[in-house]
Amino acid sequence: GTLAEIKERGKLIIGTEPTFPPFEYVNEKNEIVGFDIDIAQKIADELGVELEIVNLPFDSLIPALMSDKIDLIVAGMTITEERAKVIDFSIPYFNANQAIVVRGNEGFMPATLEDLKGKRVAVQLGTTGDLVVSDIKEIMVTRFQKFTDAFLELQNKRVDAVVLDEAVANAYVKTFPKFVVSAIIDTGEKYGIGVKKGNTELLEFVNTVVSNLFKSPYDLLVEKWFEE
Ligand code: ARG
């Protein structure tokens, strides 16, 4: 919806896929929480409306945004040229690379994507991790909607590695110490919040909220007392 429609409705509806800690995940109380959710809450607060979170498969987020089922995508989504053809992105809010995660106790320690040739690799369908491994035809790729299922597959030895965003890889390894990060693939990604094309007022509003997040309390005071 437009800025006016969101205010009228009294609710900001965001779409996300919550198997992506610490950006979005389901906690013990069955609530979706995380870094992205706090950013979304901030946007809702600034708009003076409630926040509603819609849980969707990652590859359904862009279609849901384009068909107005959600107002924003807040899902650790990398700004890519392909995606930017169909939706708009906010200013970047987080830098990311891909990581290779393996079981760790079996001597298989891939250092590069090349080392995954002839191996079975799990990814999340439609992610940038999916793209980088699918680029190498000798890799046997299995695509999952949930990262939790990709890691289950790794645990059950039905795949040899999982490829996903570095910060999220670190979060999974922390929870499941039997997994290790064997390599970082420098992809130089940046996350942005997805906004429907043409929804300029909402995009500008989101950009203001995100750019304010980068300002220190001191910067905000200087702005308040010395500028304009
Ligand atoms: N950054 C990657 C991408 O844009 C993965 C994002 C996955 N996000 C999620 N909430 N499952 O493709």
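Q: What makes the pair formed by the side chain of Arg83 and an oxygen atom of the ligand a polar contact?
A: In this predicted model, an N or O atom in the side chain of Arg83 is 2.8 Å from an oxygen atom of the ligand. A polar contact is a pair of N or O atoms within 3.5 Å, so this pair is called a polar contact.

Q: How do you know how much of the ligand the protein buries?
A: The ligand taken alone exposes 350 Å², and the protein buries 100% of that area. The ligand sits in the largest cavity.

Q: Which residues are the closest to the ligand?
A: The ligand is surrounded by 14 residues, and the closest are Glu17, Thr78, Arg83, Thr128 and Asp165.

Q: What makes the approaches of Glu17 and Glu24 to the ligand polar contacts?
A: A polar side-chain atom of Glu17 lies 2.7 Å from a nitrogen atom of the ligand. For Glu24, an N or O atom of the side chain is 3.0 Å from a nitrogen atom of the ligand. The cut-off for a pair of N or O atoms is 3.5 Å, and both distances are within it; therefore each pair is a polar contact.

Q: Why is Asn97 called buried or exposed?
A: Asn97, which is found in strand 8 (residues 94-102), has a relative accessibility of 18%. Buried means under 20%, so Asn97 counts as buried.

Q: How do you know that the side chain of Asn97 forms polar contacts with backbone nitrogens?
A: The side chain of Asn97 reaches the backbone nitrogen of Gly188 at 2.9 Å. A polar atom of that side chain also lies 2.9 Å from the backbone nitrogen of Thr187. Both values are within 3.5 Å, so these pairs meet the distance limit for a polar contact.

Q: Which residues distant in sequence does Asn97 contact?
A: Beyond its neighbours within four places in sequence, Asn97 is in contact with several residues, among them Leu164, Asp165, Glu166 and Ile184. Asn97 and Glu166 are 69 residues apart along the chain, yet their C-alpha atoms are separated by 5.5 Å.

Q: Why is Asp160 called buried or exposed?
A: Asp160 lies in the loop between helix 6 (147-155) and strand 11 (161-165). Its relative accessible area is 14%, which is under 20%, so Asp160 is buried. Leaving aside neighbours within four places in sequence, its contacts include Val101, Arg103, Phe108 and Leu154.

Note on methods:
Residues numbered from 1 in each chain as written. Predicted model: local features only at pLDDT ≥ 70, side-chain atom pairs only at ≥ 80, totals over all residues. Heavy atoms only, no water. Helix = DSSP H or I, 4+ residues; strand = E, 2+ residues; numbered from the N terminus. Buried < 20%, exposed > 50% of the residue type's maximum accessible area, 1.4 Å probe, protein only. Contact = heavy atoms within 4.5 Å. Near = heavy atom within 4 Å. Polar contact = N/O pair within 3.5 Å; in protein donor to acceptor, adjacent residues only side chain to side chain. Areas by Shrake-Rupley, 256 points an atom, 1.4 Å probe, with all protein chains shown as cover. 1 Å grid on protein atoms, 1.4 Å probe; cavity = no way out; pocket = protein on both sides within 12 Å on 5 of 7 lines; lining within 4 Å. Sits in = over half its atoms within 2 Å of the grid points.
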